[in-house]
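Work through these exercises with the model open beside you. Try each task before reading its solution.

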Amino acid sequence: MALMITDECINCDVCEPECPNDAISQGPEIYVIDAARCTECVGHFDKPQCREVCPVDCIPVNPDVIEPREALQRKYEALIRAKAPAGTPVDAKGGAA
Ligand code: SF4
Ligand code: SF4
């Protein structure tokens, strides 16, 4: 699954720098989460970091993007590969070796 931001967002900006996948950005009216980049923080943290800091608790699961944990892990590994400089070895967990 990915998470999403509801219209209760008050544009406080604290979640955006916490996202390890650069999945959060300012949208036309409120902050938005790119579902293609959100792993629910799988691969980085035990808990979704954006939820940990959101003062108004407006970051639920996106019901349109249901993914099992294995899919989130694969998404994380793909994001790491895309970020790593060409030729960088990637270990079994997806991190740079
Ligand atoms: S759950 Fe993690 S990866 Fe997803 S938007 Fe929040 S901070 Fe980013
Ligand atoms: S932390 Fe919550 S209220 Fe603040 S910008 Fe992010 S989603 Fe909006």
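## Exercise 1: Cys15 and the core

Leaving aside residues up to four places away in sequence, Cys15 touches Ile24, Tyr31, Cys50, Val53 and Cys54. The model is a predicted one.

**Task.** Which residues have the most contacts inside the largest nonpolar core?

**Solution.**
- Step 1. Take the core as a whole: the largest nonpolar core has 13 residues.
- Step 2. Pick out the best-connected members. They are Leu3, Cys15, Ile24, Ile33 and Cys50.
- Step 3. Return to the contacts of Cys15. Ile24 and Cys50 are among them.
- Step 4. Add the background. In soluble globular proteins, nonpolar side chains tend to be buried together.

## Exercise 2: The overall fold

**Task.** What pattern does the protein follow along its sequence?

**Solution.**
- Step 1. List the elements: two helices and two strands.
- Step 2. Read them in sequence order. The pattern is β-β-α-α.
- Step 3. Look at burial. Of the 97 residues of the protein, 23% count as buried.
- Step 4. Look at contact range. Take the contacts with a separation of 6 or more; 60% of them join residues 24 or more positions apart.

## Exercise 3: Two ligand shells

**Task.** How many residues of each class make up the shell around ligand 1, and how does the shell around ligand 2 divide?

**Solution.**
- Step 1. Start with ligand 1. It is surrounded by 14 residues, and the closest are Cys19, Cys38, Cys41, Pro48 and Cys50.
- Step 2. Sort that shell by class: nine nonpolar, three polar and two charged residues.
- Step 3. Move to ligand 2. Of the 14 residues around it, Cys9, Cys12, Cys15, Tyr31 and Cys54 come nearest.
- Step 4. Sort the shell of ligand 2: twelve nonpolar, one polar and one charged.

## Exercise 4: Cys9 beside ligand 2

**Task.** Where does Cys9 lie, and which residues does Cys9 touch?

**Solution.**
- Step 1. Place Cys9 in the chain. It lies in the segment before strand E1 (24–26).
- Step 2. Count neighbours. Cys9 is classed as partly exposed because it has 17 C-beta neighbours inside 10 Å.
- Step 3. Find the contacts beyond four places in sequence. Cys9 touches Ile30, Tyr31 and Cys58.
- Step 4. Check a long-range pair. Cys9 and Val56 are 47 residues apart in sequence, yet 7.1 Å apart from C-alpha to C-alpha.

## Exercise 5: Glu40 and Asp57

**Task.** Glu40 and Asp57 are to be classified. Is each buried or exposed?

**Solution.**
- Step 1. Locate Glu40. It sits in the loop between strand E2 (31–33) and helix H1 (49–53).
- Step 2. Count its neighbours. Glu40 is buried because 24 other C-beta atoms lie within 10 Å; the cut-off is 20 or more.
- Step 3. See what surrounds it. Not counting residues up to four places away in sequence, Glu40 touches Met1, Ala2, Leu3, Pro48 and Leu72. The C-alpha atoms of Glu40 and Met1 are 7.0 Å apart, across 39 residues of chain.
- Step 4. Locate Asp57. It lies in the loop between H1 and H2.
- Step 5. Count again. Asp57 has 9 other C-beta atoms within 10 Å, so it is exposed.
- Step 6. Check the backbone. Glu40 has a positive phi of about 60°, and the phi of Asp57 is near 55°. Most residues other than glycine have a negative phi.

## Exercise 6: Val61 and Ile66

**Task.** Val61 and Ile66 are both to be placed. How many C-beta neighbours inside 10 Å does Ile66 have?

**Solution.**
- Step 1. Val61 is in the loop between H1 and H2. Val61 is partly exposed because it has 13 other C-beta atoms within 10 Å.
- Step 2. Beyond four places in sequence, Val61 touches Met1 and Leu3. Val61 and Met1 are 60 residues apart along the chain, with 6.7 Å between their C-alpha atoms.
- Step 3. Ile66 is in the loop between H1 and helix H2 (69–83). Ile66 has 10 such neighbours, so it counts as exposed.

## Exercise 7: The faces of H2

**Task.** Which residues of H2 are buried?

**Solution.**
- Step 1. The buried residues are Lys75, Tyr76 and Leu79.
- Step 2. Down the axis of H2, its buried residues fall within an arc of 100°, so they line one face of the helix.
- Step 3. The face turned away from the buried side of H2 carries the exposed residues Glu70 and Arg81.

Key:
Residues are numbered from 1 along each chain as its sequence is written. Chains are lettered from A and ligands numbered from 1 in the order in which they are written. This is a predicted model: local features need pLDDT of at least 70, side-chain atom pairs count only at pLDDT 80 or more; totals for chains, interfaces and linings use all residues. A residue is near a molecule or strand if its C-beta atom, placed from the backbone, lies within 6 Å of it. Ala, Val, Leu, Ile, Met, Phe, Trp, Tyr, Cys and Pro count as nonpolar, Asp, Glu, Lys and Arg as charged, and the others, Gly among them, as polar. Helices (H or I, at least four residues) and strands (E, at least two) are DSSP runs, numbered from the N terminus. A residue is buried if 20 or more other C-beta atoms lie within 10 Å of its own, exposed if 12 or fewer, and partly exposed in between; C-beta atoms are placed from the backbone. Two residues are in contact if their C-beta atoms, placed from the backbone, lie within 7 Å. A nonpolar core is a set of buried Ala, Val, Leu, Ile, Met, Phe, Trp, Tyr and Cys residues joined through C-beta atoms within 7 Å. The arc is that of the directions from the helix axis to the C-beta atoms.
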